[in-house]
Amino acid sequence: MAREAVAWPPEETLSLWKREQARLKALVVDRDTEAWQRDAAFSGLQRVGGVDVSFVKGDSVSACASLVVLSYPELEVVYEDCCMVSLTAPYMSGFLAFREVPFLEDAVQRLREKEPRLVPQVLLVDGNGVLHHRGFGVACHLGVLTDLPCIGVAKKLLQVDGLENNAQHKEKIRLLRAGGDSFPLIGGSGTVLGMALRSHDHSSKPLYISVGHKISLEAAVRLTRGCCKFRIPEPVRQADIRSRDYIRRTLGVPGPPAPGQERSQKVQKPKMCPQEGSEEPEGEGRPPEGHS
């Protein structure tokens, strides 16, 4: 039986969320802070993390929060944490973090307590960083709260500060000829908010990369490109695949494989799967792709 949607927050809650975003935004570091980030080959980078929240179809309250850690540069999963959670906040454009970050932060904390040697040196987040209505998207929020370098990786353009998915933007996309090609996303204010990146030779749709925390945009784009076996960077892709698989196995809910998952791929069982709570929908309750 589908669970009812989380109630729309009162105006006081929205004001509180805006104040909290402004407070945390002041703590964002938008430059490289680690030696490996400044190395052309990312020497010293060994662990790359990815996070995702997948939803239970027809249920706006139940979801699976997933954290995976991959070896770098091999991009093999070395750690997985999937956990059913119960959402307490509704989806509202510009406030995705208040709906999802608490569960992702908990996953990082569990990892730090149980397998500290596997804590990722950087997290790739399915959503935006400074490319956001108030310059503080989910990748910034998670980065500041966990104190980890974070990169925002969005599949659709968040249209803020004059950025539009118009004919001019589509022409720029058409000119991205090969994997690794990119162009800056310059808002009406003149600020570079992120980069549109063709992540793979065989993908025509770009990814929208933005700084989350403790990494430069240049390093964020290079690393995202280096993590792509397919269009979606492997840390985010594996977090999505495994969270959907966990929902199917836990709730017995049938469903199609995650986008991009090969038919022959065998998903490894999690090394650690904490207590279940219960939570939310696949494709419902979260914007389709331009997460903020």
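In this predicted model, Thr 224 has a relative accessibility of 0% and therefore counts as buried, the cut-off for that class being under 20%. Thr 224 is located in helix H5, which comprises residues 217-226. A polar atom of the Thr 224 side chain lies 2.8 Å from the backbone oxygen of Ala 220. When neighbours within four places in sequence are set aside, the contacts of Thr 224 are with Leu 124, Ile 151, Val 153, Leu 197, Leu 207, Ile 209 and Pro 233.

Several of these residues belong to strands of an open sheet. Leu 124 falls in strand E4 (122-126), Ile 151 and Val 153 in strand E5 (residues 150-154), and Leu 207 and Ile 209 in strand E8 (residues 207-213). The sheet consists of 8 strands with mixed pairing, arranged in the order E3-E2-E1-E4-E5-E8-E7-E6. Its edges are formed by strand E3 (77-86) and strand E6 (182-186), each of which pairs on one side only. On average, neighbouring strands of the sheet are turned by 25° against each other, with direction ignored.

Strands E5 and E8, both of which contribute contacts to Thr 224, pair with each other in the antiparallel sense over 5 bridges. Within this pairing, Tyr 208 of E8 is the bridge partner of Ala 154.

A further helix, H2 (residues 96-114), lies across strands E1 (47-55), E2 (62-71), E3 and E4. The direction of H2 is at about 45° to that of E2. Strand E4 is thus crossed by H2 and also holds Leu 124, one of the residues in contact with Thr 224 of helix H5.

Key: Residues are numbered from 1 along each chain as its sequence is written. This is a predicted model: local features need pLDDT of at least 70, side-chain atom pairs count only at pLDDT 80 or more; totals for chains, interfaces and linings use all residues. Side-chain values use heavy atoms; hydrogens and water are left out. Two strands pair if DSSP finds at least two bridges between them. Helices (H or I, at least four residues) and strands (E, at least two) are DSSP runs, numbered from the N terminus. Axes are lines fitted to C-alpha atoms, for helices over the stretch in contact, and angles run from 0 to 180 degrees between N-to-C directions. Contact means heavy atoms within 4.5 Å. Buried means under 20% relative accessible area, exposed over 50%, partly exposed in between (1.4 Å probe, protein chains only). A polar contact is a pair of N or O atoms within 3.5 Å; within protein, one must be able to donate a hydrogen and the other to accept it, and residues adjacent in sequence count only if both atoms are side-chain atoms.
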